[in-house]
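Colleague: Before I rely on any of the labels attached to this model, I would like to hear the reasoning behind them. Could you take me through them one at a time?

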Amino acid sequence: MTLGIGTLMGIFLSVALVNNLVLAGFLGICPFLGVSRKIDMAFGMGCDVTFVMTISGVVTWLIVHGILVPVGNALGDPEALFFLKYVAFIMVIASMVQLVEMYVRKFFPPLYTAFGVFLPLITTNCAILGACLLIDMKPEYQNLLNATVFAFGGGIGFMLAITLMAGVREHIRFSDVPKCLQGPAITLLVAGILALAFLGFAGIGS
Amino acid sequence: MADGKVSDFTQFREGVVDNNPVLVQLLGMCPALAVSNTLENAIVMGGAATFVVVMSNLVTSLLRHQIKPHVRILIFTLTISTFVTIADLFLRAHLFDVSRKLGPFVPLIIVNCMIISRAEVVAIRNGLKRSLADAFGIGVGFTLALSVVGVIREILGSGTLLNYPVTPAAFEPHLWIIMVLPPGAFLTLGVIIGIVNYVRQRDRKGGAA
């Protein structure tokens with residue numbers, strides 16, 4: 001296993017652009033549609049997600065490789081405890097979100113009021129759990145550094161997608177959208193075009 | 001909706017039509033986009049989600065007098081992740097190919113807001129019968145919505161339906177490859193939601209006149 005900077009850059013670019021979690025992996029669609037009305041909110045949400053995703057990615061990796069596998073080994077089968085994985089993952093993410101919420105409330109009160117209900121909703125943001133599951137599923141992320149870069153890149157990719165979307169939506173507000181397409185429908189169509197644009201990244205880093 | 005006069009069947013139909021989780025409430029969008037590239041995936045995913053929402057509503061409804069309000073979300077999440085683990089292990093044992101294609105989206109049912117919202121809105125304050133009726137409605141509605149997207153994407157994108165070729169030979173699916181790729185999912189669902197909105201707005205106008 002090489003640990004060159006090139007490998008890490010490859011992982012980062014791959015998850016942030018080519019296999020963008022939102023536009024190619026369909027993870028985190030709910031906040032992508034819900035919180036992408038204004039650029040500053042979208043950007044703040046993206047920062048939160050990046051932060052929570054990186055920490056959760058690392059912690060869930062540590063739980064799998066530091067607790068579940070060794071204890072399983074002691075029981076005679078490394079996969080003996082894997083049925084606990086999902087329950088453990090969701091608990092880690094829920095507590096991480098709680099942590100970030102307290103932090104933001106203390107140090108960035110305006111941001112906290114702006115988010116309203118969305119911050120606790122990061123718990124049910126499938127991008128976070130999805131990133132943890134992807135790290136767990138792919139053999140190439142079996143070392144901690146790769147897993148960390150993957151989680152961080154995934155968060156940056158989410159931030160990129162949601163901020164781009166917010167930029168487009170700020171302009172759509174001034175255009176004459178047919179009544180039945182207003183709201184989520186036009187957002188999905190725009191997302192489709194964005195996803196089409198992101199297809200252009202295919203091939204980079206592979 | 002919580003009105004005691006509403007029959008259980010109405011509650012069921014509400015989940016399928018008026019309150020369809022994907023097309024009207026816009027919940028559970030991630031799987032609706034991700035695993036709707038073939039009808040087979042859509043049906044298996046819908047079945048797994050239906051199982052989870054039914055079991056989670058069942059348990060929540062039975063425990064509704066014991067659950068303290070401030071820990072309810074935790075209990076919901078733990079209940080749901082338990083049943084998702086069961087569904088995941090079952091799929092891996094009996095439908096391995098489909099389960100591999102669905103990838104992380106079976107475990108991701110845990111964070112599907114559709115399921116937790118049913119526990120929160122219906123199961124925690126209603127009896128067993130009503131909660132089950134609601135869960136089946138939501139499950140069937142979810143499966144139907146996924147299947148509609150799945151049928152469109154599979155026919156246009158691969159020229160097949162449930163892996164049988166259905167389009168005339170002159171139709172060249174590789175020109176429509178975009179439908180099985182991610183953008184096709186966004187575009188298809190966007191258009192479907194647009195149509196649903198159009199019909200609903202027309203109905204509402206008709207009702208008011």
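Modeller: Let us start with the term on which the network rests: a salt bridge is a side-chain nitrogen of Lys or Arg within 4 Å of a carboxyl oxygen of Asp or Glu. Please keep in mind throughout that this is a predicted model.

Colleague: What makes B:Asp8, B:Lys129 and B:Arg130 a network of salt bridges?

Modeller: The side chains of B:Lys129 and B:Asp8 come to 3.5 Å, N to O, and those of B:Asp8 and B:Arg130 to 3.4 Å. Set against the cut-off of 4 Å, the B:Lys129 pair counts as a salt bridge, and the B:Arg130 pair counts as a salt bridge too. B:Asp8 takes part in the pair with B:Lys129 and in the pair with B:Arg130, and the three residues are thus linked in a network.

Colleague: How do you know that the pair of B:Asp8 and B:Arg130 ties together parts that are apart in sequence?

Modeller: B:Asp8 belongs to helix 1 of chain B and B:Arg130 to helix 7 of chain B, so the bridge ties together parts 122 residues apart in sequence.

Colleague: Why is B:Lys129 called exposed, and what are B:Asp8 and B:Arg130 called?

Modeller: Exposed means over 50% relative accessible area and buried means under 20%, with partly exposed in between. B:Lys129 has 64% and is therefore exposed, B:Asp8 has 22% and so counts as partly exposed, and B:Arg130, with 10%, is buried.

Colleague: What makes B:Arg72 and B:Glu120 a salt bridge?

Modeller: Their side chains meet at 2.9 Å, N to O, which is to be set against the limit of 4 Å. The pair links distant parts of the chain, with B:Arg72 in helix 4 (residues 72–94) and B:Glu120 in helix 6 (residues 113–121) of chain B, 48 residues apart. B:Arg72, at 27% relative accessibility, is partly exposed, and B:Glu120 is partly exposed at 23%. Over all chains, the search of the whole structure finds 7 salt bridges.

Colleague: How do you know that A:Cys47 is too far from the closest cysteine sulfur for a bond?

Modeller: A disulfide needs two cysteine sulfur atoms within 2.5 Å, whereas the closest cysteine sulfur to that of A:Cys47, in A:Cys132, is 19 Å away, and that is therefore too far for a bond. The search of the whole structure finds 0 disulfides over all chains. As for accessibility, A:Cys47 is partly exposed at 32%, while A:Cys180, with 17%, is buried.

Colleague: Why is A:Lys179 called exposed, and in which patch does A:Lys179 gather?

Modeller: The relative accessible area of A:Lys179 is 57%, which is to be set against the limit of 50% for exposed. A:Lys179 lies in the loop between helix 8 (144–172) and helix 9 (184–199) of chain A, and it gathers with B:Arg200, B:Arg204 and B:Lys205 in a patch of positive charge on the surface.

Colleague: What makes B:Leu63 eligible for a surface patch, and where is B:Leu63 found?

Modeller: Patch residues need over 30% relative accessible area, and B:Leu63, with 35%, is partly exposed. B:Leu63 is found in the loop between helix 3 (39–62) and helix 4 of chain B. The nonpolar patch is formed by A:Met91, B:Leu62, B:Leu63, B:Leu74, B:Ile75 and B:Leu128, which together have about 460 Å² of accessible area.

Notes:
Residues are numbered from 1 along each chain as its sequence is written. Chains are lettered from A and ligands numbered from 1 in the order in which they are written. This is a predicted model: local features need pLDDT of at least 70, side-chain atom pairs count only at pLDDT 80 or more; totals for chains, interfaces and linings use all residues. Side-chain values use heavy atoms; hydrogens and water are left out. Patches are made of residues with over 30% relative accessible area and no salt bridge: like charges are joined within 9 Å, nonpolar side chains (Val, Leu, Ile, Met, Phe, Trp, Tyr) within 5 Å. Accessible areas come from the Shrake-Rupley method with a 1.4 Å probe; for residues, only the protein chains shown count as cover. Lys and Arg count as positive and Asp and Glu as negative; His and the chain ends are not counted. The place of a charge is taken as NZ of Lys, CZ of Arg, CG of Asp or CD of Glu. Helices (H or I, at least four residues) and strands (E, at least two) are DSSP runs, numbered from the N terminus. Buried means under 20% relative accessible area, exposed over 50%, partly exposed in between (1.4 Å probe, protein chains only).
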